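This report goes through the packing of one protein chain, element by element. Please keep the sequence and the structure at hand while reading.

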Amino acid sequence: MFITEKIDNFNNLLNDYIKDLPTLYKTVNFFQNSLDGNLSLDGIKFYLKNYTGLSENQYNTLLGYFEEILSFMPKDNTILDENKLISVVIPTYNQKKFLQEAIDSVLSQSYKNIELIIIDDASTDGTEEIVKSKYGDNNKVFYYKNSTNLGTGKTIVKGYNLINGDFFVVMGHDDFYIDMDFFKNALKLYREHENISFICGGVLISNIKYHSLEKSKVNLPFITSGKKYFENLFLNQYQLPNCSIPTIFNKKLLDKTRPGNSISLDDVELYMKALLTGNAIILNNFVSVYRIHGNNSSFNYPISALLNSFDSRLEILHSAIDDYNIDKNVVKKVHSRLLNISIPWYLTSSKVSTEDYRLLINWLNSNASDYLSDNINYLNILYINNILQKKHSS
């Protein structure tokens with residue numbers, strides 16, 4: 001009877017506190033996800049604080065009721081032997097206002113055998129002072145600073161060569177975890193299942209400009225064949241997570257593709273390499289927040305970084321044919337789909353000069369001539385729109 005009364009009181013308060021119906025419906029949906037085990041209490045706290053307009057008193061009252069309701073839900077009391085090290089790499093550049101939240105969300109994980117490697121890509125905003133003053137005495141945190149700006153892709157390669165862990169995570173400096181049991185639960189699954197190259201959960205996408213919050217997760221079976229995933233990449237439901245923070249990679253399997261020798265490493269390249277070496281576990285729960293704020297490194301992409309990424313992906317595709325016996329024609333189609341996603345994204349989200357566009361076309365002419373001949377008119381239109389957008393904004 002007690003729990004029924006609590007739920008009734010909770011629902012009544014929700015209707016009293018939130019008068020905007022779309023916000024109310026979304027709030028009910030988020031709470032239901034939590035009751036179903038797909039959103040942690042930390043995720044609920046994040047949502048309530050930032051997206052409902054509740055007063056502090058309303059927030060605390062609702063949270064109190066909900067914590068009592070959750071206390072009646074079954075719990076996983078598994079004790080995990082923490083003999084496996086998780087290495088987390090955060091490449092960062094001039095984002096000190098977000099970086100601390102990212103760091104704290106890693107250090108707050110219930111699984112404690114971690115090393116956190118922060119690589120500062122020559123920031124000029126005081127990032128070094130913030131990290132050293134707040135985390136200089138923490139023996140889990142290691143800070144490195146590039147003497148010159150290398151770009152995110154090369155900085156991740158550097159980070160990979162510094163890690164000592166059995167498992168690997170790379171996260172953006174502006175993203176953070178909202179499931180403090182994610183590491184623990186992932187390692188439990190690694191212990192229970194063989195030949196798993198990565199485990200990924202869902203992401204909440206927080207758009208600061210539009211003050212919106214959307215859910216994003218991969219819609220694939222719990223255990224998905226890595227080979228099938230790779231061959232069908234970007235077809236129908238075979239999409240990649242939109243970032244790397246919700247994913248823990250198996251370093252032993254990933255090492256087979258020699259990430260430390262890569263030209264560049266971004267989210268897509270890491271997932272591609274991992275899929276060649278094992279299967280994926282796809283979780284239903286939302287474990288992290290990916291923040292969009294207009295200054296994301298992915299929205300201000302230099303042409304040199306893009307072409308480095310293209311070269312790195314080309315290496316992976318050649319390896320798929322030569323080392324993993326994936327059909328050449330299948331790989332060619334995967335390459336075309338990769339370009340179909342990456343190039344329009346670049347031409348619509350970055351400032352592209354005439355020289356940038358010339359370099360892009362030259363690269364395509366040398367490495368993907370069929371794609372270029374099929375899409376040149378479309379690419380020209382995107383480039384002209386990019387120029388017009390720059391003139392309009394200036």
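## Strand E10 and its partners

Within E10, Ala280 is the bridge partner of Thr224. The model is a predicted one. Thr224 belongs to strand E8 (residues 223-224), which pairs with E10 in the antiparallel sense over two bridges. Strand E5 (residues 176-177) also runs antiparallel to E10 and is joined to it by two bridges; here Tyr177 stands opposite Ser288.

Strand E6 (residues 196-207) pairs with E10 in the parallel sense, over 10 bridges. In this pairing Ile196 stands opposite Asn279. Strand E10 covers residues 279-292, and 12 of its 14 residues are buried, so the strand is largely enclosed by the rest of the structure.

## Nonpolar cores

In soluble globular proteins, nonpolar side chains tend to be buried together. The largest nonpolar core here has 77 residues, and the members that touch the most others are Ile86, Phe183, Phe198 and Tyr229. Apart from it lies another core, of 26 residues, which includes Leu24, Leu54, Ile178 and Val289.

Which residues is Tyr229 in contact with, leaving aside its neighbours within four places in sequence? The list consists of Phe198, Val218, Leu220, Thr224, Tyr238, Gln239, Leu240, Pro241, Leu275, Ala280 and Ile282. Two of these, Thr224 and Ala280, are the bridge partners already described for E8 and E10.

## Thr277 at helix H11

Thr277 has its place in helix H11 (residues 267-277). Its relative accessibility is 9%, so Thr277 counts as buried, the limit being under 20%. A polar atom of the Thr277 side chain lies 3.0 Å from the backbone oxygen of Ala274.

Leaving aside its neighbours within four places in sequence, Thr277 is in contact with Asn195, Ser197, Leu253, Leu254, Lys256, Thr257 and Tyr324.

## Helix H3

Helix H3 (residues 41-51) contains both Tyr47 and Tyr51; because they are four residues apart in the helix, they are separated by about one helical turn. Tyr47 and Tyr51 are both buried, as are Gly43, Ile44, Phe46 and Leu48 of H3.

The buried residues of H3 pack against helix H2 (21-35), helix H4 (56-70), E5, E6, strand E7 (212-216) and E10. Just after H3, Gly53 takes a positive phi of about 75°.

## Aromatic rings

A search of the whole structure finds 21 aromatic pairs. Tyr47 and Tyr51 form a stacked pair, with 6.2 Å centre to centre and 10° between the planes. For Phe182 and Phe183, the ring centres are 6.0 Å apart and the planes are at 55°, so this pair is tilted. Phe182 is buried, with a relative accessible area of 1%, and Phe183 counts as buried at 0% relative accessibility.

Ring pairs also link Tyr160, Phe168, Phe198, Tyr229, Tyr238, Phe249 and Tyr271 into a cluster. Phe198 and Tyr229 are also among the residues that touch the most other members of the largest core. Elsewhere, Lys215 lies over the face of Phe30, at 4.6 Å from the ring centre.

Definitions and conventions. Residues numbered from 1 in each chain as written. Predicted model: local features only at pLDDT ≥ 70, side-chain atom pairs only at ≥ 80, totals over all residues. Heavy atoms only, no water. Core = buried A, V, L, I, M, F, W, Y, C linked by side-chain atoms within 4.5 Å. Buried < 20%, exposed > 50% of the residue type's maximum accessible area, 1.4 Å probe, protein only. Contact = heavy atoms within 4.5 Å. Pairing = 2+ DSSP bridges. Polar contact = N/O pair within 3.5 Å; in protein donor to acceptor, adjacent residues only side chain to side chain. Phe/Tyr/Trp six-rings, centres within 6.5 Å; stacked < 30°, edge-to-face > 60°. Lys NZ or Arg CZ within 6 Å of the ring centre and 35° of its normal.
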